[in-house]
Amino acid sequence: MSVTDDLQPSSKSGGPPAVGERSQQAYRRARAVFPDGTTRISIERDPLPRYVSRGDGAYLWDLDDRRFLDLNNNYTTLIHGHAYAPVAETLTRQLADGSCFANPTESEIALAGLLCERIPHIDRVRFMNSGTEAVMFAIKAARAYSGRPAIAKIEGAFHGSYDWAEVGQASTPDNWGSAQQPASTAFYRGMPQSVLDDVVILPLNAIDIARKLLRQHAGRLAALLLDPMPSRAGLIALDPDYIAAISEICNACGILIISDEVLNLRQSYRGAAHRYGLKADLFSLGKIIGGGLPIGAVGGREEVMTVFDGSRGRPALPQGGTFSANPLSMAAGYAAMAALDDAAFAHLESLGDHIRDGLSAAIERHDAPFSVTGAASLLRLHPRRSAPRNFREAFLTPAGKAAMTALSRFYGHHGVLLPRETCASLSTPMTVTDARHVVAVFDAFLAEQRELFPTLERDGAAP
Ligand code: PMP
């Protein structure tokens, strides 16, 4: 059956409710125990969340036993897809030997060794349990090293849930201020003003403004927190000239550069900083390095990482954590990372190119107000004609949001889970047939939904 054969007549208006009867039943039970029926703000709902029963490779099944190609992969974590056999096998073995100890295990040395060997400028590592913690400890390490309190970060970039990293993460046209001086906006009601005062927001890829702001605050800045391709800010790469300009100032002013690769480590065998020519002092890692189990890590230059060194008394930065370096996460992470060889990355890169090129060709064919950004195994569709160049351009207007909801629902009806407001990611078990399906569904969407185009041309892009 071709993609267009199984279109429902009602799909013109986005189709019937996206989730089935069993997900609806589960959600009714969940409403009784969670404040909004879920336990993560990131759970997508249309209008309800889809509950999952199991996953296998590139696919997952919902409670109503419908199969979906998973382009979310738990927000880019599952680079080998679901239930990856080498991870499942190592976990079964490790579980039989115990799940966590107050003592170190050899498994942590193996995973840290792999990271030090692969990622340039990582000489030493510390493990924790989430990307949020990794960013938090990277920021604290920079503070402990420099004795300074503040950080700079890119407007709209997502770095998890540590207060200072949250500032400016959810700015809107109503509060984001001028382009010359982006506002340090609160992420939640009651966020202390002192936190806002210690975060400088830089516009993405605007060299002169970033230079000026960094110089202005240099004496207070411990670190510049950067994601080489911030997904929520548009999945847009840092320009080489921007990297060169801000690195020069940071080096001259003693501001440490943190490369947050919790998401973007999956861009190459040696990570994202290496791919984009960014020389970082510290790295925050997570997601793929845990093989599907909770994990976070800080890595960096030997000299900077001495802030964690407790071998001669209390370190500059004490860091613990009951589950840090638990052997389950260590073993799963090692199994997943060891399988990511050059061939695996080449496969992901070529699938990513295939899909991005196919989506772009469909956009051109239909003369549609959409664009695509991304690299390697990551991609993001934008409901605007020219690819966004920064967070403000990638910001979804109500019309843009409605278009992305319609698109994601359309994909759902054709057996594909496409994240609505952040990037899609690929996994190693995905095939060229899967990639072709992703492109064909988009092509069918554009053919069917032409009536969206004029509204998007008018209101789809942020002012
Ligand atoms: N930094 C980046 C760049 C991320 O993408 C994320 C998670 N999406 C985090 C930090 C936080 O990681 P976690 O959800 O594991 O706390």
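1. Two strands are said to pair when DSSP finds at least two bridges between them. That is a handy place to start with this predicted model, as several of the points below concern strands. Strand β11 (residues 371-375) and β12 are joined by 5 bridges and run antiparallel. Looking at one position in that pairing, Val-372 has Leu-381 of β12 as its bridge partner. The hairpin formed by β11 and β12 has 2 residues between the strands, and Ala-376 takes a positive phi near 50 degrees there.

2. Do stay with β12 a little longer. This strand also pairs with strand β14 (residues 424-425), again in the antiparallel sense, over 2 bridges. Here Leu-379 stands opposite Ala-424 of β14. How much of β12 is buried? The strand spans residues 378-382, and 5 of its 5 residues are buried. Both of its faces are covered, with Leu-378, Arg-380 and His-382 buried on one side and Leu-379 and Leu-381 buried on the other. Leu-379, the residue opposite Ala-424 in β14, thus belongs to the same side as Leu-381, and Leu-381 is the bridge partner of Val-372.

3. Next, a word on confidence. The average pLDDT of the protein is 95, and 96% of the residues score at least 70. Residues 1-14 are a stretch to read with care, with a pLDDT below 50; beyond near neighbours in sequence, this stretch has 22 contacts in the model.

4. Another sheet is worth a look. It is open and made of 4 strands in the order β1-β2-β3-β13, with mixed pairing. The edges are taken by β1 (52-56) and β13 (416-417); each has a single partner strand, so one side of each is left without a neighbour in the sheet. Within this sheet, strand β2 (residues 59-62) and strand β3 (residues 67-70) run antiparallel and are joined by 3 bridges. Trp-61 is found opposite Arg-67 of β3.

5. Now to the charged pairs, 21 salt bridges in total. As a reminder, side chains of opposite charge can pair when their charged atoms come close. Asp-281 and Arg-301 form one of these salt bridges, with their closest N and O atoms 3.0 Å apart. Asp-281 sits in the loop between α10 (272-276) and β9 (282-286), while Arg-301 sits in the loop between β10 (296-300) and α11 (302-305), so the pair ties together parts that are 20 residues apart in sequence. Are the two partners buried or exposed? Asp-281 is buried, with a relative accessible area of 10%, whereas Arg-301 is partly exposed at 24%.

6. A second salt bridge joins Arg-365 to Asp-443, where the closest N and O atoms are 2.7 Å apart. This pair links distant parts of the chain, 78 residues apart: Arg-365 belongs to helix α13 (residues 342-366) and Asp-443 to helix α16 (residues 432-448). Arg-365 counts as exposed, with 55% relative accessibility, while Asp-443 is partly exposed with a relative accessible area of 22%. Elsewhere, Arg-50, Asp-62 and Arg-66 are joined into one network by salt bridges that share partners.

7. A further salt bridge to note brings together the side chains of Asp-36 and Arg-45 (3.7 Å, N to O). Asp-36 is partly exposed, having a relative accessible area of 30%, and Arg-45 also counts as partly exposed at 25% relative accessibility.

8. Helix α17 (residues 452-459) has Leu-452, Phe-453 and Leu-456 as its buried residues. Viewed down the axis of α17, these residues fall within an arc of 95 degrees, so they line one face of the helix. The spacing fits a familiar rule: an α-helix has 3.6 residues a turn, so residues three or four places apart point the same way. What do the buried residues of α17 pack against? Their neighbours are α13, α15 (398-413) and α16. Helices α13 and α16 are also the two that carry Arg-365 and Asp-443.

9. A last local detail is Thr-105, in the loop between α3 (85-97) and α4 (106-118). With buried meaning under 20% relative accessible area, Thr-105 counts as buried at 19%. The side chain of Thr-105 makes a polar contact of 2.7 Å with the side chain of Ser-107.

Definitions and conventions: Residues are numbered from 1 along each chain as its sequence is written. This is a predicted model: local features need pLDDT of at least 70, side-chain atom pairs count only at pLDDT 80 or more; totals for chains, interfaces and linings use all residues. Side-chain values use heavy atoms; hydrogens and water are left out. Buried means under 20% relative accessible area, exposed over 50%, partly exposed in between (1.4 Å probe, protein chains only). A polar contact is a pair of N or O atoms within 3.5 Å; within protein, one must be able to donate a hydrogen and the other to accept it, and residues adjacent in sequence count only if both atoms are side-chain atoms. A salt bridge is a side-chain nitrogen of Lys or Arg within 4 Å of a carboxyl oxygen of Asp or Glu. pLDDT is the predictor's confidence in each residue, from 0 to 100. Contact means heavy atoms within 4.5 Å. The arc is that of the directions from the helix axis to the C-beta atoms.
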